[in-house]
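Student: Please give a close look at one part of this model, the largest pocket. I should also like to know how the surrounding chain is arranged, with every cut-off stated.

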Amino acid sequence: MDKMASGSAFADLAREFSTCPSGKSGGSLGSFEPGTMVPEFDKVIFSPDTPMGTVMGPVETKFGYHLIVVDKRTGGGDWY
C-alpha cells in the first residue's frame, strides 16, 4: 500500500508481489459476472459503494488476502 501511495502502479506491484497466477498479467482477472468468483470478491466488485479505480482491501478469501481495484463495471448495479 505504501508503494502505491508513492506512485507505483497497481499492475506493476501485482507483477512483482502477487503469488496468484493473475499477477503475471498485472493482477487482471478480466471481466466476469456475479457468482463466477468467490463471494468475498463479488461483495466488493459488484457493490455500488465500491468506487472505481480505488484500491479495496485487503479482502480475505479461502485463497488468501487480496487487494482489489475495479477499473470497469458493466451491467446493473443491483446485484447486492
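Tutor: Contact, or touching, means heavy atoms within 4.5 Å. The model is predicted: local features need pLDDT of at least 70, side-chain atom pairs count only at pLDDT 80 or more, and totals for chains, interfaces and linings use all residues. Residues are numbered from 1 along each chain as its sequence is written, and side-chain values use heavy atoms, with hydrogens and water left out.

Confidence comes first. The average pLDDT (the predictor's confidence in each residue, from 0 to 100) is 87 for the protein, and 92% of the residues reach at least 70. Among the elements (DSSP runs numbered from the N terminus, helices being H or I of at least four residues and strands E of at least two), helix α1, residues 2-5, has the lowest mean, 74. The highest mean, 94, belongs to strand β1, residues 55-61.

The largest pocket has a volume of about 1,200 Å³. Of its 39 lining residues, Phe 10, Gly 27, Leu 29, Leu 67 and Ile 68 are the closest to the centre. Two or more lining residues come from each of α1, α2 (10-17), α3 (39-45) and β2 (64-69). Strand β2 makes the greatest contribution to this lining, with six residues. A pocket is, on a 1 Å grid over the protein atoms alone, an open set of points where a 1.4 Å probe fits, with protein on both sides within 12 Å along at least five of seven lines; lining residues have an atom within 4 Å of a point. The volume is the space filled by probe spheres set on the points, which are joined across faces, edges and corners.

By residue class, the lining comprises 22 nonpolar, 12 polar and five charged residues. Here Ala, Val, Leu, Ile, Met, Phe, Trp, Tyr, Cys and Pro count as nonpolar, Asp, Glu, Lys and Arg as charged, and the others, Gly among them, as polar.

Two of the residues closest to the pocket centre, Gly 27 and Leu 29, lead to Ser 22. Beyond its neighbours up to four places away in sequence, Ser 22 touches Gly 27, Ser 28 and Leu 29. Ser 22 belongs to the loop between α2 and α3 and is buried, at a relative accessible area of 13% (buried is under 20%, exposed over 50%, partly exposed in between, with a 1.4 Å probe and protein chains only).

Helix α2, one of the lining elements, holds both Ala 11 and Arg 15. Ala 11 is partly exposed, with a relative accessible area of 27%. Its C-alpha atom lies 3.9 Å from that of Gly 26, although 15 residues separate the two in sequence. Gly 26 also appears among the contacts of Arg 15, which touches Gly 23, Lys 24, Ser 25 and Gly 26 when residues up to four places away are not counted. Between Arg 15 and Ser 25, 10 residues apart in sequence, the C-alpha distance is 6.9 Å. Arg 15 is partly exposed at 48% relative accessibility.

In strand β2, Gly 64 and Tyr 65 may be taken together. Gly 64 is partly exposed, at 24% relative accessibility, whereas Tyr 65 is exposed, at 60%. The C-alpha atom of Gly 64 is 9.5 Å from that of Cys 20, 44 residues away along the chain. Tyr 65 is 13 Å from Val 55, C-alpha to C-alpha, at a sequence separation of 10 residues. Apart from neighbours within four places in sequence, Tyr 65 contacts Pro 58, Val 59 and Glu 60. Pro 58 is part of strand β1, and the peptide bond that joins Gly 57 to Pro 58 is cis, with omega near 15 degrees.

Aromatic pairing completes the picture. Rings of Phe, Tyr and Trp (its six-membered ring) pair if their centres lie within 6.5 Å; planes under 30 degrees apart are stacked, over 60 edge-to-face and the rest tilted. This rule yields one aromatic pair. The ring centres of Phe 32 and Phe 46 are 6.0 Å apart and the planes stand at 90 degrees, so the pair is edge-to-face. Because Phe 32 sits in the loop between α2 and α3 and Phe 46 in the loop between α3 and β1, the pair ties together parts 14 residues apart in sequence. Both Phe 32 and Phe 46 are buried.
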